[in-house]
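User: Could you walk me through how the ligand is held here, and explain each term as you use it?

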Amino acid sequence: MGLAWPGVIEHYAEFLPVSDATPRITLLEGNTPLIRSEYLAKRLGDGVELYFKYEGVNPTCSFKDRGMTMALSKAVEEGAQVTICASTGNTSAAAAAYSTRAGIQSVVLLPDGYVALGKLAQALAYGARTIAIDGDFDDCLKLVRQISENYPVALVNSLNPYRLQGQKTAAFEICDWLGRAPDYHALPVGNAGNITSYWMGYSEYHERGITDSRPGMLGFQAAGACPIVTGEVCEKPETVATAIRIGNPARWQEASAALRESEGRIEAVTDEEILTAYRELSEEEGIFCEPASAASYAGLKKLAAEGFFENRECIVTATLTGHGLKDPDMAVEMAEVPEKAPNDLDAVVEMLGLA
Ligand code: F0G
């Protein structure tokens, strides 16, 4: 292998259900930075070493690219001509990009009015047949399941097992980089595919003896869309974190198993907690993620406030699932209005208090 990063399939081929006959449909996803927290870690406790797995720098700016490179490679191997998915936005962006890369058509069903602007722009730009449904994500998922069961279109939601296979590579990267498994891993939970994938990844490295432990999985849902926390389907999910506005997660059972086996925790965080965390990440740490992604750090703060990390020396990793530019409206809404000044040197110097 050369020095250039070849994408997650080629790099982790021995851990993935691929053969030489599997085409590599890739945009060189993965190999994302694990950024050590300089400022926010202090809020969690003296013994906490915190790292952010910044998935916003993938080719379509979210973690979905890891799963989609696998889903499309296998779909093409199996002769698919059309892909379909339901999405709160990021899955559709990745499905559209990787389908185009594969030379096939994508169809995406989105909850009308609840997809962040950057994500909608991506689906359209990559040439997906983009359909806004008068319903929520769970309604869209029901439709695409029925369509893919009855017509020749490949489903690329995380019900597709290859998606989870691809997404587990993020856990591999974390272990490769740290030289061990973290003690805890935090992430936002929506359809619950990603927490399932990470647990698979950590477990496989452990089974093969590459690592000698597995982390406790810490999952965080938005308080207005937290079915796994309450144990009941949420009929009317509502949250500013539109990416995780999901009432009936497809991978509910698997996520519950991961939480149980890892002796982890699943908690709800309010929109206010999510947005505070979102601002702290960009303003204090210099990392701009989308609101849903900030749920992982918001949840860690909540656990810390309950004393979870007290007197604990531990390494905590937290996935920041998508880039801040995915949701530019939210970023602008949350900020101060830009100041205005005349086109005049003295005026700007004076305004800055430099005169
Ligand atoms: N964070 C972001 C930014 C997401 O887009 C999603 C899911 C999640 C977290 C939760 O991951 O569903 O595996 O538990 N987005 C899906 C989509 C639902 O359609 O883009 P999960």
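**Ligand and cavity**

Analyst: A backbone N or O atom of Asn194 lies 2.8 Å from an oxygen atom of the ligand. The model is predicted: local features need pLDDT of at least 70, side-chain atom pairs pLDDT 80 or more, while totals for chains, interfaces and linings use all residues. Residues are numbered from 1 along each chain as its sequence is written, and side-chain values use heavy atoms, without hydrogens and water.

User: What makes the Asn194 pair a polar contact?

Analyst: The term needs a pair of N or O atoms within 3.5 Å, and Asn194 is at 2.8 Å, so the pair qualifies. Asn191 also qualifies, with a backbone N or O atom 2.7 Å from a ligand oxygen, and so does Ser87, whose side chain offers an N or O atom at 2.7 Å.

User: How much of the ligand does the protein bury?

Analyst: Alone, the ligand exposes 480 Å² (Shrake-Rupley, 1.4 Å probe), and the protein buries 98% of that.

User: Which elements give two or more residues to the shell?

Analyst: Those are α3 (90-102) and α8 (193-207); helices are DSSP runs, H or I, of at least four residues. The shell holds 19 residues (a heavy atom within 4 Å), with Thr91, Ala192 and Thr321 among the closest.

User: Why is the space around the ligand called a cavity?

Analyst: On a 1 Å grid over the protein atoms alone, a 1.4 Å probe fits there but cannot get out, so the term applies. The ligand sits in the largest cavity, because more than half of its atoms lie within 2 Å of the grid points. That cavity has a volume of about 310 Å³.

User: Which residues lie nearest the centre of the largest cavity?

Analyst: Among the 25 lining residues (an atom within 4 Å of a point), they are Phe63, Lys64, Gly190, Asn191 and Ala243.

Technical notes
A polar contact is a pair of N or O atoms within 3.5 Å; within protein, one must be able to donate a hydrogen and the other to accept it, and residues adjacent in sequence count only if both atoms are side-chain atoms. On a 1 Å grid over the protein atoms alone, a cavity is a set of points where a 1.4 Å probe fits but cannot get out, and a pocket is an open set with protein on both sides within 12 Å along at least five of seven lines; lining residues have an atom within 4 Å of a point. Grid points are joined across faces, edges and corners, and a volume is the space filled by probe spheres set on the points.
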